[in-house]
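Student: Could we look at a structure together? I would like to learn why certain labels are given to certain residues.

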Amino acid sequence: MTIIKLPNNKFWKNKFFFFGILFGAVIVTCITLPIILVQNVHTTTSHTSEWSYLRQDLWDGLCQTGQKQSPINLIETVVDDIYTTLPSIHLENINYFETVEVGNTGHTVTLNLTKNNSTQPRLYGGGLSGNFTLNHAHFHWPSEHSINGKSFDLEAHLVFYSDLFQSLSDALEVPNQVTVLAILFEQSNNESSKTHTNFQTIDKAVLKVSFYAGSTAETSKGLTLEDFFPNDLESFFAYSGSLTTPSCNEGVNWIILREPVEIYENDLDYLTNVFTEEQELLEKNNRDLQEVNGRTIVVH
Ligand SMILES: [Zn+2]
């Protein structure tokens, strides 16, 4: 048996005390860290999305059984004979918004203009009954609607609900009380396109939320909503369809502006570089085309 004599002085007492604490801390860390990590993994997996663009065949309810679903292919030759004289659409309060809240939902990038602004964009005319207020805007890439079989690089949806209701969810319960105004975008190498400033501002906020589905960030600058719109607001398609995400509610008024708008290719790359809750790149978020089923599609 060997007896190790320890120097009996204050220095060594302090040193053993210090190493004791250090050793204890390492043991505690070794035991608890795996538990914390396992808990984090569990937390992440327990919040996985209920639906995915990769398995649209699993979307249930009206998404499978509905007869007036969106999006659809808009064919001009078919609608020529049902051309009607709808009134023009009118948009109000689409100028400058000081800051906008940008979100990554894991399924899309959203723009919330309501948070910091009391004046809301409004929509009327175009055969709609009454006035509609903007709830939010979001993007799909590539486009959901196509025109004569042609798809576009990006589609913005501006979701409006009738002034008769307090909220979008209330309006969704009643047919024709929600209107989605769609703008189609084509990528270009034109850095001076009129949407460039807006998308640069949005993309800086997207960078902050890109990896964090469910998070939001405010833009550091304002944006001019008007710059997203094509010059020609007189040419549009209108039809009755549905939300293009579960639960695919029907009775949604659709207005799709005919003239596509330019988006600078780098702006499109940054805008669409977002990740899902499962930490996978959201490569595309457009629903498959749906059957028209004899619906009237109006061309203005
Ligand atoms: Zn949409």
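Tutor: Here is a short talk about some backbone features and the labels that go with them. This is a predicted model, where local features need pLDDT of at least 70, side-chain atom pairs count only at pLDDT 80 or more, and totals for chains, interfaces and linings use all residues. Residues are numbered from 1 along each chain as its sequence is written.

Student: Why is Asn148 called exposed?

Tutor: A residue is exposed if 12 or fewer other C-beta atoms lie within 10 Å of its own, buried if 20 or more do, and partly exposed in between, with C-beta atoms placed from the backbone. Asn148 has 10 other C-beta atoms within 10 Å, so it is exposed.

Student: What is the phi of Asn148?

Tutor: Phi of Asn148 is positive, about 50 degrees, although Asn148 is not a glycine. Asn148 sits in the loop between E8 and strand E9 (154-162). Strands (E, at least two residues) and helices (H or I, at least four) are DSSP runs, numbered from the N terminus.

Student: What makes Gln279 count as exposed?

Tutor: Gln279 has 11 C-beta neighbours inside 10 Å, and therefore counts as exposed. Its phi is near 60 degrees, a positive value in a residue other than glycine. Gln279 belongs to the loop between helix H6 (265-271) and strand E16 (298-299).

Student: Which residues does a cis peptide bond join, and what is omega?

Tutor: One such bond joins Ser70 and Pro71, with omega about 5 degrees. Pro71 is in the loop between helix H2 (62-65) and strand E1 (73-74). A cis peptide bond also joins Trp141 and Pro142, where omega is about -10 degrees. Pro142 lies in the loop between strand E7 (132-140) and strand E8 (146-147).
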